[in-house]
Amino acid sequence: MSTLRPSARRLALLVQTAPSPLRQFHLHLLKAFSDSKVFSSTIFIHARLLKTSLLGRVQANHLIGLYANFGQLVDAHRLFDEMPDRNVVSFNMLMAGYLHSGFPEQVLSVFKRMAFAEVHLHPNQYIFATVLATCANISALDEGRQCHSYVLRTGLTSNSYVRNSLLHMYAKCSDMQGALGVFESGSDFDIFSFNSMINGFLTNGQLSGAKEILSLMVEEVEQWDHVSYVAGLGFCADSVCLNLGEQFHGQVLRRGMDYSDFVCSAVVDMYGKCKSVQSALLAFRVLPSKNVVSWTTVMSACMKNGCFEEALKLFMHMITDNVQPNELTYAVALYSCAGLSALRSGDALNGHVEKTGFKAYVSVGNALVNMYSKSGSIEDAIRTFTYMCHRDIISWNSIINAYSHFGYAKEALETFHDMLEMPTHVTFVGVLSACAHLGLVDQGFYYLKLMKDLGIVPEKEHYTCMVGLLCRAGQLEEADRFMRSTFTEWDIVAWRTLLSACRVLGNHSLGHKIAEGILQRDPGDVGTYILLSNMYSKARRWDGVAKIRKLMRNRNMKKEPGISWIQVGNETHVFVSEDTSHPAMKQITKKLAELMSEIKLIGYVPNITSVLHDVDDEQKEEYLRYHSEKLAISFGLLHMPVGATIYVMKNLRMCDDCHLAVTLISMVTNRRLVVRDANRFHCFERGLCSCDDYW
């Protein structure tokens, strides 16, 4: 007795002094022990009951519950097996213990034992609720349907507890037809039923079904709970219905639901998905208390609307407020770094997740692969992917598309054949892009057919990849026929892909026809005028160049200025073509002049045909010198450590002259230069580019 705590010692003394015939007294003691935090108390009362031969069925059932509460399921199951006379409560105690301890297979095993081995026992509503909750947790739809049949035979479908469990099971198993069948079979559903139906429809992307149930709930249910408001706000978010969302927000405030963290986070999420970032920020700032969920939600709202800097500022404020980020917070912050191509900030976050132990999460690993690939460091993206302990389809899609975007087409296809997940439409964008990079026409059409065989409907992104593939293989007429014979909503990107190929391969007649078609659809598309002018320049059709320039002047159209940016230390430096306002421009100009002199010695000749200004050749060469990526690279060479890779981001496609110049600069400086333009990443190294000079 000396090993027991004082509370357990007092209870033991009571047992010793109790008259042996008083089973009810022992039952009261068992109920008292259920509130005890001392496992030894359970062992003691069990031993005492055995010694005094007072262990009846009721006492055994309570003991099973006690063992289960302490996680001692082996002991609970052993006691269950030793019982000579079990009842429904015995089974439910053991099944509930397994359910709450996370052992769903054992729950189903015990239920099957009850159903088939002990036919004299009939499951009650609590047994069915436990089994259906288990089926919901592991998406065991077949077992759930079998249980539903059993419920029908026992006549318990009218029981609201069982009916709600059935609804929840079908919704969690993505069988909304089954859920709807249960819902329509009754008439007295409560708020839990409506919540399950709406959340089920939303989870499965069936907005029309969610809308119908939501409308019915507005009519039928007066008093909503916080889950109802979260579901309603979720519908507004998924359907991008800001007006209705604002009405829900008003109801939340009027009914005092703004005390709930989940409801407040749903309000912020709704505004974010409805693209009202300022409203999301305002709703967040007035929260009475902020936790990791609300911080992550508002960061996500900013990130998904392109406000990457704001998302990272919020992350820093969160850290300052001593709120510990979770794996989703880190993922949002890393995706924000990817949006800014902020490699150094992403590197710092990588170190942070390493120290805090969150790097093992799949969501964080995926965000790191995405951040590194979009910030120009394919090596770090590969390294992160390689060392991930667990991968999902997003992991595989991210690395395949990263390989394709960097021009590592062979590696992309090899990874596709190695992947262990079922491919999705995103996977095939990367695969078809890889085929396009290598000019593998037959393989491209094979993968397009494979998509359809797998039940994946090709979208315009896939068809645009096919256009790029045919263009890369030099089959421009076939690409034109493919576009005119394929029934899809082609956008301007696809037509520009064909037009750009006509420029590269010198098919001016087809290029002119394609350009006319684009301008009929969108007379104000500046990019098409630029491509058409470059095509005429390459063919030395100066009359055509003059005509394009005149059209642009008459329509007051100007080429978007080229902008490049580079991160050095903790600062991002922005350069605009032909702009000399940067504080270090004197040193940059000097460095750039040195580079131009060096690369001219190994064959560089300025490609003045890409200059749209109507000036003499010498002035055109000067304009080329001050293109934004040349300025950014010169600055990087001046301020980055010797041998360090230089990463530059650019808003427009690289012109022919800059591509050739940077290729040669990588040779004379013995530096790896990575430039991300509007089309792809260009990795320049030792006088070669990863795009093989086709982009």
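1. A word on terms before we start: a residue is called buried when its relative accessible area is under 20%, exposed when it is over 50%, and partly exposed in between, using a 1.4 Å probe and protein chains only. By that rule Asn322 is exposed, because its relative accessibility is 71%. Asn322 sits in the loop between α19 (308–320) and α20 (327–340). Its phi is positive, about 60 degrees, although Asn322 is not a glycine. For context, most residues other than glycine have a negative phi.

2. Please keep in mind that this is a predicted model, in which local features need pLDDT of at least 70 and side-chain atom pairs count only at pLDDT 80 or more, while totals for chains, interfaces and linings use all residues. Residues are numbered from 1 along each chain as its sequence is written, and side-chain values use heavy atoms, with hydrogens and water left out.

3. Now the overall architecture. The chain has 37 helices and six strands; helices here are DSSP runs of H or I with at least four residues, strands are runs of E with at least two, and both are numbered from the N terminus. The C-alpha atoms fill a box of roughly 115 × 55 × 50 Å along the principal axes. The radius of gyration of the chain is 34 Å, whereas a compact globule of 695 residues would have one near 26 Å. That radius is taken over C-alpha atoms, and the globule rule is 2.2 Å times the number of residues to the power 0.38.

4. On packing and surface, 50% of the 695 residues are buried. Of the contacts with a separation of 6 or more, 62% join residues 24 or more positions apart, a contact being heavy atoms within 4.5 Å. The chain exposes about 33,300 Å², and carbon and sulfur atoms supply 53% of that area. Accessible areas come from the Shrake-Rupley method with a 1.4 Å probe, and for residues only the protein chains shown count as cover.

5. If you are thinking about charge, there are 67 positive and 68 negative charges, and their mean positions are 3 Å apart. Lys and Arg count as positive and Asp and Glu as negative, leaving out His and the chain ends. Each charge is placed at NZ of Lys, CZ of Arg, CG of Asp or CD of Glu.

6. The UniProt record, an unreviewed entry, carries the annotation "repeat: PPR" over residues 87–121, 190–220, 291–325, 392–422 and 424–458. UniProt positions are in the numbering used here, feature names are shortened, and annotations may be inferred rather than shown by experiment. In the model, residues 190–220 are 87% helix and 0% strand, with end C-alpha atoms 9 Å apart. Residues 392–422 are 74% helix and 0% strand, and their end C-alpha atoms lie 10 Å apart.

7. Helix α15 (residues 242–254) is worth a look, and it holds Phe248. Phe248 counts as buried because its relative accessibility is 8%. Beyond its neighbours within four places in sequence, Phe248 contacts Leu214, Trp224, Tyr229, Gly232, Leu233 and Cys236. The C-alpha atoms of Phe248 and Val267 are 8.5 Å apart, with their positions 19 residues apart along the chain.

8. Gly245 is found in α15 too, and Gly245 is buried because its relative accessibility is 0%. With neighbours within four places set aside, Gly245 is in contact with Leu233, Cys236 and Met270. Gly245 and Leu233 are 12 residues apart in sequence, and their C-alpha atoms are 6.0 Å apart.

9. Thr134 belongs to helix α8 (residues 125–137). With a relative accessible area of 0%, Thr134 is buried. Not counting residues up to four places away in sequence, Thr134 touches Leu99, Pro104, Val107 and Leu108.

10. Two loop residues remain. Cys389 lies between α23 (378–386) and α24 (393–405), and Cys389 is exposed because its relative accessible area is 65%. Cys389 and Tyr403 are 14 residues apart in sequence and 20 Å apart in space, C-alpha to C-alpha. Arg686 lies in the loop between β5 (681–685) and β6 (688–689). Arg686 is exposed at a relative accessible area of 60%, and its phi is positive, near 50 degrees, in a residue other than glycine.
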